[in-house]
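The following paragraphs are intended to be read with the sequence and the coordinates at hand. They proceed from the whole chain to individual helices and residues.

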Amino acid sequence: MHGEPDPEYEKIAEPYRKDIDFAFFAVNFGYSRKDYEDLTPREALFIRKAWEDKLVSDNTLMRNAVLNAVSNALRKKNARFRELWKKVQAPVDMESAKENMRIVSEIEEKEGKNWVDKILQANGIRREKVKHGG
């Protein structure tokens, strides 16, 4: 079974443990022998765990993308296209929003309400004038 220790393999591999470990770091991360030997055992374990987490995450993302693609390819005629990434609105920080509104109100009192035009002008954007019919 995958993931479970194999006592026979462990016994055979034990004399080569450092070589196996170095090969893992050289192949996956491009470490030189010196880079590898400079790692503490704790650092090596954390790097292995981070690599494992990344591998699982990458595989999960690939699985989700493939399932999504198949689902979209096989969807019924006129059925909605299914997005891979759902857009989620971040919660509004009310303190920050209130502070921003206070600053805007203060600027409008001092300089008028043409501050938007100044920002657009500074960025090289011309606002089209709205024509009112009457």
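**An extended helical chain**

Of the 134 residues in the protein chain, 7% count as buried. The model is a predicted one, and this figure for burial is a suitable starting point for reading it. The overall dimensions may be considered next. The radius of gyration of the protein chain is 29 Å, whereas a compact globule of 134 residues would have a value near 14 Å. Along the principal axes, the C-alpha atoms occupy a box of roughly 90 × 50 × 30 Å. Among contacts with a separation of 6 or more, 10% join residues 24 or more positions apart.

The secondary structure consists of six helices and zero strands, which gives the pattern α-α-α-α-α-α along the sequence. The accessible surface of the chain comes to about 12800 Å², and carbon and sulfur atoms contribute 58% of that area. The chain carries 26 positive and 24 negative charges, and the mean positions of these two sets lie 12 Å apart.

Helix α4 covers residues 41-73, a run of 33 residues. From its first C-alpha to its last, α4 reaches 48 Å, close to the 48 Å expected at 1.5 Å a residue. The buried residues in α4 are Ala44, Asn68 and Asn72, and α2 is included in what covers the buried residues of α4.

Asn72 deserves separate attention. This residue of helix α4 counts as buried because its relative accessibility is 7%, which is under the 20% limit for burial. When residues up to four places away in sequence are not counted, Asn72 touches Phe81 and Arg82.

The loop between α4 and α5 contains Asn78. Is Asn78 buried or exposed? With a relative accessible area of 78%, Asn78 is exposed, since the limit for that class is over 50%. The backbone of Asn78 also merits inspection: its phi is near 70°, a positive value in a residue other than glycine. Most residues other than glycine have a negative phi.

Helix α5 follows, with 18 residues at positions 94-111. The distance from its first C-alpha to its last is 25 Å, close to the 26 Å expected at 1.5 Å a residue. After α5 comes Gly112, whose phi is likewise positive, near 85°.

The account now returns to an earlier part of the sequence. Helix α2 spans residues 17-29 and contains Asp21. Which residues does Asp21 contact, leaving aside its neighbours within four places in sequence? Its contacts on that basis are Tyr36 and Arg48. Asp21 is buried because its relative accessible area, 17%, falls under the 20% limit. Arg48, one of the residues in contact with Asp21, has a position within the range 41-73 of helix α4.

Asp35 is located in helix α3, which runs over residues 33-38. At 37% relative accessibility, Asp35 counts as partly exposed, because this value lies between the limits of 20% and 50%. Asp35 and Phe25 are 10 residues apart along the chain, and their C-alpha atoms are separated by 9.1 Å.

The individual residues may finally be set against the chain as a whole. Asp21 at 17% and Asn72 at 7% are buried residues in a chain where 7% of the 134 residues count as buried.

How values were computed
Residues numbered from 1 in each chain as written. Predicted model: local features only at pLDDT ≥ 70, side-chain atom pairs only at ≥ 80, totals over all residues. Heavy atoms only, no water. Helix = DSSP H or I, 4+ residues; strand = E, 2+ residues; numbered from the N terminus. Rg over C-alpha atoms; globule rule 2.2 N^0.38 Å. Buried < 20%, exposed > 50% of the residue type's maximum accessible area, 1.4 Å probe, protein only. Contact = heavy atoms within 4.5 Å. Areas by Shrake-Rupley, 256 points an atom, 1.4 Å probe, with all protein chains shown as cover. Lys, Arg positive; Asp, Glu negative; His and termini not counted. Charge placed at Lys NZ, Arg CZ, Asp CG, Glu CD. Expected span 1.5 Å × (residues − 1).
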